[in-house]
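Ready to practise reading salt bridges? Work through the exercises below with the structure open beside you.

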Amino acid sequence: MERTFVLLSSPFLGPVAWAPVASALTARGYAVIVPSLPRDPLFSPQEVLRALENSIPSLGELVLVPHSNAGLYVPALVASRPVRATVFLDAVLPPENGRIPVAPAASIAMLQDRVGADGLLPLWSEWWPEEDVAALFPDPQTRRRVEADQRRVPWDYLTAEVDIPAGWATNQAGYVAFGATYADELREARNREWPVRVLDGHHLHMLWDPAGVASTLVEITAELKQRWAERALDSERISSSGQS
């Protein structure tokens with residue numbers, strides 16, 4: 001059965017940011033799913049997870065590709081859906097078990113005075129200096145499309161924690177970093193002996209080079225598939241020798 005790429009966008013952004021990579025993968029003959037979250041504010045990680053699960057099939061062989069904050073939801077999705085592999089794309093890398101905050105303490109401190117009267121934060125692209133945000137996009141048209149797809153999130157969501165089911169880290173996984181933003185995560189992926197790649201770019205590099213990102217996803221997925229086949233063969237040999 002062919003594997004399906006499931007491209008997960010951060011709850012702070014939206015699926016439009018994935019459109020160029022989805023098109024590149026589809027053009028190469030791969031099945032692709034890009035889940036959408038409701039436009040209404042989601043007030044808890046549990047609501048985000050339910051929305052993702054409602055968009056992801058319970059049959060097949062899935063390759064999760066979380067970007068940024070979407071990495072938080074990989075462990076629960078591995079537990080509830082037929083996930084064969086995960087390729088983290090400049091994303092949060094959860095611990096092997098326990099809990100993890102939705103946002104780091106530095107982000108919470110930066111945003112605590114910017115909560116609206118409705119309890120919602122500004123749009124994600126308004127969190128940062130204009131020159132930093134402008135550098136994320138290859139052109140003004142792309143920026144307008146992506147920014148129009150953003151959603152405001154509640155302060156309560158930003159300060160919440162996500163439960164991490166134990167055992168998810170035994171699932172096949174790789175990591176792709178866009179520069180050094182997620183240097184700690186990249187280091188941890190290497191410590192776990194995952195296949196890794198570093199693409200020179202900004203946090204939204206998939207908008208700049210969708211064909212290159214798509215090729216990298218296919219390459220890492222093929223490497224993970226080969227590793228799985230080799231481990232399965234090794235296990236079969238061990239089993240056979242033990243019975244002889």
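Keep in mind as you work that this is a predicted model.

**Exercise 1.** Decide whether aspartate 118 is buried, partly exposed or exposed.

*Solution.* Start with the cut-offs: buried means under 20% relative accessible area, and exposed means over 50%. Aspartate 118 has 44% relative accessibility, so this residue counts as partly exposed. Next, look at its partner: arginine 152 pairs with aspartate 118 in a salt bridge, with 3.0 Å between the closest N and O atoms. Arginine 152, at 30% relative accessibility, is partly exposed.

**Exercise 2.** Find which residues are joined into one network by salt bridges that share partners.

*Solution.* Look for shared partners, and you arrive at Arg3, Glu61 and Arg84.

**Exercise 3.** Work out which parts of the chain are tied together by the salt bridge of aspartate 149 and arginine 39.

*Solution.* First check the contact: the closest N and O atoms of aspartate 149 and arginine 39 are 3.6 Å apart, and the cut-off is within 4 Å. Then place each residue. Aspartate 149 sits in the loop between α6 and α7, while arginine 39 sits in the loop between β2 and α2, so the pair ties together parts 110 residues apart in sequence. Finally, compare the surroundings: aspartate 149 is buried at 14% relative accessibility, whereas arginine 39 is partly exposed at 47%.

**Exercise 4.** Locate the strands linked by aspartate 163 and arginine 99.

*Solution.* These two side chains form a salt bridge with an N to O distance of 2.2 Å. Aspartate 163 belongs to strand β6 and arginine 99 to strand β5, 64 residues apart.

Methods: Residues are numbered from 1 along each chain as its sequence is written. This is a predicted model: local features need pLDDT of at least 70, side-chain atom pairs count only at pLDDT 80 or more; totals for chains, interfaces and linings use all residues. Side-chain values use heavy atoms; hydrogens and water are left out. Helices (H or I, at least four residues) and strands (E, at least two) are DSSP runs, numbered from the N terminus. Buried means under 20% relative accessible area, exposed over 50%, partly exposed in between (1.4 Å probe, protein chains only).
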